[in-house]
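Visitor: I am new to this structure. Could you show it and take me through its parts?

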Amino acid sequence: MKTKLILLIFFITVMACATNGTIGEKKSVKPRYHIPNEEIVKIVGASDALDVISRSRPVWLRSKGIEPSVYMNGIQMGGLDALRSISINSIKDIKFLTPSEATTMYGTNNMGGVIEIRTR
(Lines give C-alpha, C1' and ligand atoms only; values in the text may rest on other atoms or scores of the structure.)
Protein backbone atom coordinates (compact mmCIF):
# COMPACT_ATOMS: atom_id res chain seq x y z
CA MET A 1 0.00 0.00 0.00
CA LYS A 2 2.84 2.40 0.88
CA THR A 3 4.47 1.76 -2.47
CA LYS A 4 1.29 2.65 -4.35
CA LEU A 5 0.86 5.82 -2.31
CA ILE A 6 4.47 6.86 -2.90
CA LEU A 7 4.10 6.19 -6.65
CA LEU A 8 0.86 8.17 -6.75
CA ILE A 9 2.47 11.16 -4.98
CA PHE A 10 5.49 10.90 -7.28
CA PHE A 11 3.26 10.82 -10.38
CA ILE A 12 1.22 13.84 -9.23
CA THR A 13 4.40 15.78 -8.42
CA VAL A 14 5.93 15.03 -11.81
CA MET A 15 2.77 16.00 -13.66
CA ALA A 16 2.44 19.24 -11.66
CA CYS A 17 6.05 20.18 -12.45
CA ALA A 18 5.71 19.26 -16.11
CA THR A 19 2.87 21.69 -16.80
CA ASN A 20 2.62 25.42 -16.30
CA GLY A 21 -1.00 25.22 -15.25
CA THR A 22 -2.43 25.30 -18.78
CA ILE A 23 -2.69 21.78 -20.05
CA GLY A 24 -2.82 21.54 -23.82
CA GLU A 25 -2.10 25.24 -24.43
CA LYS A 26 1.10 26.37 -26.09
CA LYS A 27 2.35 29.90 -25.84
CA SER A 28 3.46 31.28 -29.15
CA VAL A 29 6.97 32.63 -28.96
CA LYS A 30 8.09 35.32 -31.36
CA PRO A 31 11.32 34.46 -33.13
CA ARG A 32 13.96 36.80 -31.72
CA TYR A 33 15.66 37.72 -35.00
CA HIS A 34 12.87 37.24 -37.55
CA ILE A 35 9.52 38.88 -38.29
CA PRO A 36 7.57 36.66 -40.71
CA ASN A 37 4.88 38.03 -43.03
CA GLU A 38 2.15 36.35 -40.96
CA GLU A 39 3.13 38.55 -38.02
CA ILE A 40 3.59 41.69 -40.14
CA VAL A 41 0.05 41.65 -41.50
CA LYS A 42 -1.37 41.43 -37.96
CA ILE A 43 0.24 44.70 -36.84
CA VAL A 44 -2.63 47.19 -36.91
CA GLY A 45 -1.84 50.67 -38.16
CA ALA A 46 1.69 49.99 -39.38
CA SER A 47 2.47 51.63 -42.71
CA ASP A 48 6.20 51.09 -43.18
CA ALA A 49 9.08 48.88 -42.05
CA LEU A 50 10.01 51.26 -39.23
CA ASP A 51 6.48 50.96 -37.78
CA VAL A 52 6.65 47.16 -37.94
CA ILE A 53 10.00 46.93 -36.20
CA SER A 54 9.27 49.58 -33.57
CA ARG A 55 6.06 47.77 -32.58
CA SER A 56 7.26 44.20 -32.89
CA ARG A 57 11.03 44.15 -32.14
CA PRO A 58 11.97 47.62 -30.81
CA VAL A 59 15.23 46.29 -29.38
CA TRP A 60 16.57 46.09 -32.96
CA LEU A 61 16.43 49.90 -33.12
CA ARG A 62 18.35 50.51 -29.90
CA SER A 63 21.94 51.00 -30.84
CA LYS A 64 25.01 50.66 -28.70
CA GLY A 65 26.75 53.55 -30.39
CA ILE A 66 26.43 52.13 -33.90
CA GLU A 67 23.05 51.85 -35.60
CA PRO A 68 22.24 48.86 -37.81
CA SER A 69 22.45 49.09 -41.58
CA VAL A 70 19.36 48.41 -43.66
CA TYR A 71 19.48 46.03 -46.62
CA MET A 72 16.58 45.25 -48.93
CA ASN A 73 16.88 42.18 -51.14
CA GLY A 74 20.65 42.20 -50.62
CA ILE A 75 21.14 45.87 -51.56
CA GLN A 76 22.26 48.39 -48.95
CA MET A 77 19.61 51.06 -48.42
CA GLY A 78 21.35 53.07 -45.70
CA GLY A 79 20.57 53.60 -42.02
CA LEU A 80 17.37 53.37 -40.03
CA ASP A 81 15.79 56.30 -41.94
CA ALA A 82 15.60 54.01 -44.99
CA LEU A 83 12.97 51.93 -43.16
CA ARG A 84 10.45 54.76 -43.57
CA SER A 85 10.49 54.35 -47.35
CA ILE A 86 9.66 50.63 -47.34
CA SER A 87 5.90 50.01 -47.50
CA ILE A 88 4.43 47.27 -45.32
CA ASN A 89 2.57 45.94 -48.39
CA SER A 90 5.81 45.01 -50.15
CA ILE A 91 7.50 43.22 -47.23
CA LYS A 92 7.84 39.43 -47.28
CA ASP A 93 9.82 39.21 -44.04
CA ILE A 94 12.35 41.07 -41.91
CA LYS A 95 15.43 39.65 -40.20
CA PHE A 96 18.01 41.08 -37.86
CA LEU A 97 21.58 39.93 -38.34
CA THR A 98 23.96 40.29 -35.41
CA PRO A 99 27.20 42.21 -36.07
CA SER A 100 29.14 38.98 -36.61
CA GLU A 101 26.51 37.60 -39.01
CA ALA A 102 26.29 40.96 -40.78
CA THR A 103 30.06 41.12 -41.23
CA THR A 104 30.08 37.62 -42.69
CA MET A 105 27.20 38.35 -45.08
CA TYR A 106 27.80 41.98 -46.05
CA GLY A 107 31.32 42.99 -44.97
CA THR A 108 32.98 44.92 -42.20
CA ASN A 109 30.94 48.13 -42.53
CA ASN A 110 28.04 46.65 -40.55
CA MET A 111 29.28 46.63 -36.98
CA GLY A 112 25.83 47.62 -35.67
CA GLY A 113 24.21 44.60 -37.29
CA VAL A 114 21.87 44.54 -40.28
CA ILE A 115 18.13 44.77 -40.64
CA GLU A 116 17.50 42.65 -43.71
CA ILE A 117 14.21 43.08 -45.55
CA ARG A 118 12.97 40.75 -48.27
CA THR A 119 10.19 41.94 -50.50
CA ARG A 120 7.68 40.06 -52.61
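Guide: What follows deals with the sheet and then with the salt bridges. This is a predicted model, where local features need pLDDT of at least 70, side-chain atom pairs count only at pLDDT 80 or more, and totals for chains, interfaces and linings use all residues. Residues are numbered from 1 along each chain as its sequence is written, and side-chain values use heavy atoms, with hydrogens and water left out.

Visitor: In what order do the strands of the sheet run?

Guide: The open sheet has 5 strands in the order β1-β4-β5-β2-β3, with mixed pairing. Strands (E, at least two residues) and helices (H or I, at least four) are DSSP runs, numbered from the N terminus; two strands pair if DSSP finds at least two bridges between them.

Visitor: Which strands stand at the edges?

Guide: β1 (34-36) and β3 do; each has a single partner strand, so one side of each lacks a neighbour in the sheet.

Visitor: Changing topic, how many salt bridges are there?

Guide: A search of the whole structure finds 2. The term means a side-chain nitrogen of Lys or Arg within 4 Å of a carboxyl oxygen of Asp or Glu. One joins Glu39 and Arg57, with the closest N and O atoms 2.7 Å apart. Asp93 and Arg118 form a salt bridge at 2.9 Å, N to O.

Visitor: Where do Asp93 and Arg118 lie?

Guide: Asp93 is in strand β4 and Arg118 in strand β5, so the pair ties together parts 25 residues apart in sequence.

Visitor: Are Glu39 and Arg57 buried or exposed?

Guide: Both Glu39 and Arg57 are buried, meaning under 20% relative accessible area, with exposed over 50% and partly exposed in between (1.4 Å probe, protein chains only).
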